[in-house]
Amino acid sequence: MTGPAIFLLLAGLGAIAWVSARARALRLQTVARTSGRRDAVHSLPGYHGWYVALWTLIPAAIFLAIWANVSPGLITQTVLSDPAAQSLPADAFSRSAILGEARNIASGAQAAAFNPAARALVEPYRTAMNEYGIAGAALALVLAFAGGAYAFTRVRPDFRARTRVERLVMASLLIASLLAIVTTLGIVVSLLWESIRFFSMVNPVDFLFGTKWSPQSAAMGYGNKDAFGAVPLFWGTIFIGAIIAMVVAIPLGLMSAIYLTQYARPQVRKWMKPILEVLAGVPTVVYGYFAALTIAPALRDFAVSVGIHGASSESALAAGLVMGVMIIPFVSSMADDSIAAVPQSMRDGSLAMGATTSETIRKVLIPAALPGVVGGVLLAVSRAIGETMIVVMAAGLAANLTLNPFSSVTTVTTQIVQLLTGDQEFDSAKTLAAFALGLVLFIVTLLLNIVALRVVKKYREAYE
């Protein structure tokens, strides 16, 4: 029995259990009310239905999750005990490749066998898969019936089904909340562990303050010294994401938010705000193509025409300009919401005192909305320093330490992708450098969030 079939069958059993338990609870509660025992009724019939349905589905689902991880090993052991498997080579790699090929053919993931030994194991694999599939489905159905029957016997007017169901919902919400925390801890531990391995090979001072980045030379056996200086990467990230992009995004985003909230007519705002926010949904690879094929050549030609030497077709300015356009919606949306949230009484009071609209915006609305504006700017900075595709396609991969915006530079995220692309050895400093860069990026992002919270706390104002 296939996976979708068993899940559909279990879903049907759960629906039947819900309907049956709800009908039974409704009937028993009607009898209790008719006999004058109104205080004996605790939960609505729907809660009894959910209680029985959950007891029908959850044990079977847990078993199927365990069975999905256990059954492949049992199937492999069954196939290896077949006489057709006696001719398999002793080499573990070759044996695994043959078994994998036979398994793919038996499951339908592969059409034909390239190895004759795998062809002989297809039928044993198919037979074992069918047997263990039927066994797993049968056991899951038995558990579903057993769980449903147990819960159904507990349906009575005074049973606290609502309490049990709500406890399960609360436990599910708690698990969902803890999942994000555990995931974050897992990321931090992984980064720390691999970074410690990297720093056991490379001096942290050389990594954080070195000015030469050439991991390829270390991979070629020239040594780790003077090969992992990450300052050019840090500067490229700041230069593109925190300087050039912000010079574009902050003024345009803030001015667009001011116009939409203070000057635009309702009909204009109705159309312009969605159009502006469409920019946030454009894939970054599209921005990268636009930067590489349109903006970068135009900037190079402009630099050559005004006599700037060393202008490259891959430049920090091209990537930063397009990245700034990409994150305008982040700044605009946050600033828009913050300005719109300022009480109307503050606007009216400023205008009543004789201030003009522009003075009201500069001296009342912007200071009042500053926490939201700062939050939007820091969110935009975090988004910019984590961008990869635009930098790869428009700024290049050269780790240059330069102030020339027409030169090619690279960023931390771009180098992480480059270091981890393809088949890599995770015991070399070249590959482990990606984790050290990731740790630095994580710390910088964390510090940005801390600064944002402190700024918001410092400038927060309470309004009645």
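Tutor: A helix here is a DSSP run of H or I at least four residues in length, and helices are numbered from the N terminus. The model we are reading with these terms is a predicted one.

Student: What makes Gly49 a helix residue?

Tutor: Gly49 falls in α2, which spans residues 45-80, and a helix needs at least four residues in its run, so the assignment of Gly49 to a helix follows.

Student: Why is Gly49 called buried?

Tutor: Its relative accessible area is 0%, and buried means under 20%, so Gly49 belongs in that class.

Student: Which residues are in contact with Gly49, once its neighbours within four places in sequence are left aside?

Tutor: They are Ala17, Trp18, Ala21 and Arg22, and each is called a contact because it has heavy atoms within 4.5 Å of those of Gly49. Ile361, by contrast, lies 312 residues away from Gly49 along the chain, with 57 Å between the two C-alpha atoms.

Student: How do you know that α13 has a span close to the expected one?

Tutor: Helix α13 covers residues 328-340, which is 13 residues, and its first and last C-alpha atoms are 18 Å apart. The expected span is 1.5 Å times one less than the number of residues, which for α13 comes to 18 Å, so the two values agree closely.

Student: Which helices do the buried residues of α13 pack against?

Tutor: Those buried residues, among them Ile328, Val331, Asp336 and Ile339, pack against α9, α10, α12, α14, α15 and α16.

Student: What makes the lining of the second largest pocket mostly nonpolar?

Tutor: Its lining has ten nonpolar residues, one polar residue and no charged residues. Val, Leu, Ile, Ala and Phe count as nonpolar whereas Thr does not, so Thr237 is the polar member of this lining. The pocket holds about 200 Å³ of space, and α9, α16 and α19 each supply at least two of its lining residues.

Student: Why is the other space, of about 30 Å³, called a cavity and not a pocket?

Tutor: A cavity is a set of points where a 1.4 Å probe fits but cannot get out, whereas a pocket is an open set, so the name says that this space is closed to the probe. The count comes to one cavity of 30 Å³ or more.

Student: Which helix gives the largest share of the cavity lining?

Tutor: That helix is α9, with four residues. By class, the lining of the largest cavity has five nonpolar, four polar and one charged residues; Glu387 is in the lining, and Glu counts as charged, so Glu387 is that charged residue.

Terms used:
Residues numbered from 1 in each chain as written. Predicted model: local features only at pLDDT ≥ 70, side-chain atom pairs only at ≥ 80, totals over all residues. Heavy atoms only, no water. Buried < 20%, exposed > 50% of the residue type's maximum accessible area, 1.4 Å probe, protein only. 1 Å grid on protein atoms, 1.4 Å probe; cavity = no way out; pocket = protein on both sides within 12 Å on 5 of 7 lines; lining within 4 Å. Points joined across faces, edges and corners; volume = space filled by probe spheres on them.
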